[in-house]
Amino acid sequence: MSSDRSLVQIAFYAALIAALGLVPKIELGLAGGIPITAQSLGVMLAGMMLGPVRGGLAVALLLFLVALGLPFLAGGRGGIGVFYGATAGYLAGYFVGAIVVGAIMKAMRNMNVVFGAVVSGVIGGIVVVHALGVPVLAYKAGMTMEKAIMVGSLPFLPGDLIKVALAAVVAHTIARGLPSAMLSRN
Amino acid sequence: MISLYMAGNSWAHKLPARVKLIFLFVLSLLIIPFNTLWFSAALLVFVVALYATLGRQGLEKVKVVRPLLWMMGIIFLVHVFLGDIEQGIIAVLRLLAMVLLANFISITTHMEALMDAVEPLFRPLRVFGISPRRVSLAVALVIRFVPVLLAVYASLQEAYKARTAHANSWRLLAPFALHAIKMTDHVAEALTARGGADGFDRDKK
């Protein structure tokens with residue numbers, strides 16, 4: 001594996017996470033009126049495809065670009081301001097989440113792709129992201145943890161579960177159509 | 001350019017990026033103990049005044065917080081339900097002030113100046129054999145990839161619309177990922193063909 005290829009892949013997944021945050025909301029009947037974006041889907045995919053190290057680097061690179069002032073977060077947000085906002089914890093969660101997703105995917109590389117994707121997506125893409133996001137939200141907004149969970153976690157769970165399912169579908173397609181791109185399993 | 005940066009020649013533009021970053025960091029720590037309504041309101045007024053010093057165009061940049069407003073609304077409502085309206089106002093004012101202050105840096109500092117300012121942070125990466133140059137290349141690649149990916153998605157969407165009369169579907173995600181991954185392979189090959197991420201090493205001559 002050449003280092004040039006790694007570099008391009010890291011940059012590419014960073015761009016993919018940004019692009020998924022910018023595409024108009026993907027039609028998801030089940031999600032109802034909740035504003036969900038595909039951004040965390042990109043985070044899960046980065047971990048699933050690239051593995052822990054490169055997946056984590058891809059998210060770190062994206063966050064670095066956001067800090068530099070590019071509006072690459074969902075809803076066109078960007079700038080150093082987002083790291084001072086109420087949702088800053090979720091951004092840290094994206095970084096740690098991608099690493100955890102990649103690590104689990106790698107550990108389960110001999111098992112069924114869809115199974116591995118669902119397990120890693122739920123643990124890394126949902127549990128880890130919310131575990132880091134909710135306390136920061138509670139602190140920044142001066143809320144109790146219970147309230148923060150009600151506001152910042154529960155409404156997003158249905159959407160997040162759908163995203164895990166979508167990530168598993170994409171992982172399955174790529175594992176069959178382009179197995180060399182599943183670096184976490186090679 | 002899609003960056004938040006606003007070209008200009010104000011006092012804030014002339015301030016070194018590193019000074020602005022350190023100021024933001026120190027201020028964000030200093031305000032923690034002052035949890036009163038008046039202090040939070042004064043802080044917000046101070047930050048908006050900073051924008052005002054950039055002129056009319058600068059003041060308009062305050063709009064960047066608009067995507068955050070629904071979030072602020074929810075935070076406020078939760079406090080109203082808890083019966084503590086004052087804490088709700090304080091929380092929202094502080095969040096607005098800090099986000100606006102941080103964005104003030106993004107608006108008045110060119111991306112390259114910011115990159116130079118944080119470059120020392122990447123020096124430890126040399127231990128792992130990653131040169132700051134590779135970081136710059138990665139940054140440039142992401143900025144170039146995002147519009148390309150959006151174009152790929154738009155073309156898939158168009159074809160899908162022609163077939164099904166629906167504009168968008170989750171079914172587009174997998175082909176989108178496949179398309180895009182193939183594209184990165186080409187970019188990686190092209191990069192290697194041109195001497196790789198570090199370029200042809202001039203020092204070795």
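Colleague: What makes the length of helix 6 of chain A agree with that of a straight helix?

Modeller: In this predicted model, helix 6 of chain A holds 21 residues, which at 1.5 Å a residue should span 30 Å. Its end C-alpha atoms are 30 Å apart, and therefore the span agrees with the expected value.

Colleague: Which residues of helix 6 of chain A are buried, and what do they pack against?

Modeller: The buried residues of helix 6 include A:Gly159, A:Asp160, A:Lys163, A:Val164, A:Leu166 and A:Ala167. Also buried there are A:Ala168, A:Val170, A:Ala171 and A:Ile174. Their packing partners within chain A are helix 2 and helix 4, and helix 9 (173-193) of chain B joins them.

Colleague: How do you know that helix 2 of chain A does not run straight from end to end?

Modeller: Helix 2 covers residues 39-67, which is 29 residues, and a straight helix at 1.5 Å a residue would reach 42 Å. The end C-alpha atoms of helix 2 are only 17 Å apart, short of that value.

Colleague: Where does helix 2 of chain A bend, and by how much?

Modeller: The bend lies at A:Gly51 and amounts to about 135°. That angle is taken between axes fitted to the seven residues ending at a position and the seven starting there. A proline, A:Pro52, follows within four residues of the bend. After the helix comes A:Gly69, with a positive phi near 110°.

Colleague: What makes helix 2 of chain A count as mostly covered?

Modeller: Of its 29 residues, 27 are buried. A residue needs 20 or more other C-beta atoms within 10 Å of its own to be placed in that class. For chain A as a whole, buried residues make up 65% of the 186 residues.

Colleague: Why is A:Ala131 called partly exposed?

Modeller: A:Ala131 belongs to helix 4 (residues 113-140) of chain A. It has 14 C-beta neighbours inside 10 Å, and therefore counts as partly exposed, because that class lies between 12 or fewer for exposed and 20 or more for buried. A:Val96 is 35 residues from A:Ala131 in sequence, and their C-alpha atoms are 10 Å apart in space.

Colleague: Is B:Arg133 buried or exposed, and why?

Modeller: B:Arg133 counts as exposed, because it has 12 C-beta neighbours inside 10 Å and the exposed class takes 12 or fewer. The residue is part of helix 8 (residues 132-164) of chain B. Its C-alpha atom is separated by 8.2 Å from that of B:Ala197, which is 64 residues away along the chain.

Colleague: Why is B:Val187 placed in its burial class?

Modeller: B:Val187 has 20 other C-beta atoms within 10 Å. The buried class begins at 20 or more, so B:Val187 is buried. This residue is found in helix 9 of chain B, and a separation of 9.6 Å lies between its C-alpha atom and that of B:Leu141, 46 residues apart along the chain.

Colleague: How do you know on which side of helix 5 of chain B the buried residues lie?

Modeller: The buried residues are B:Met71, B:Met72, B:Ile75, B:Val78 and B:His79. They cover an arc of only 120° around the axis, which puts them on the same side of helix 5 of chain B. An α-helix has 3.6 residues a turn, so residues three or four places apart point the same way. The face turned away from the buried side carries the exposed residues B:Leu69, B:Trp70, B:Gly73, B:Leu77 and B:Phe81. The buried residues pack against helix 5 of chain A together with helix 6 (85-108) of chain B.

Colleague: How many residues does each chain give to the contact, and what makes up the side of chain A?

Modeller: Chain A gives 55 residues and chain B gives 54. On the side of chain A, the elements that give two or more residues are helix 1 (3-22), helix 2, helix 5 (145-152) and helix 6 (157-177). Helix 1 provides the largest share, 15 residues. By class, this side has 35 nonpolar, 14 polar and 6 charged residues.

Technical notes
Residues numbered from 1 in each chain as written. Chains lettered and ligands numbered in written order. Predicted model: local features only at pLDDT ≥ 70, side-chain atom pairs only at ≥ 80, totals over all residues. Expected span 1.5 Å × (residues − 1). Contact = placed C-beta atoms within 7 Å. Nonpolar A, V, L, I, M, F, W, Y, C, P; charged D, E, K, R; others polar. Arc of directions from axis to C-beta.
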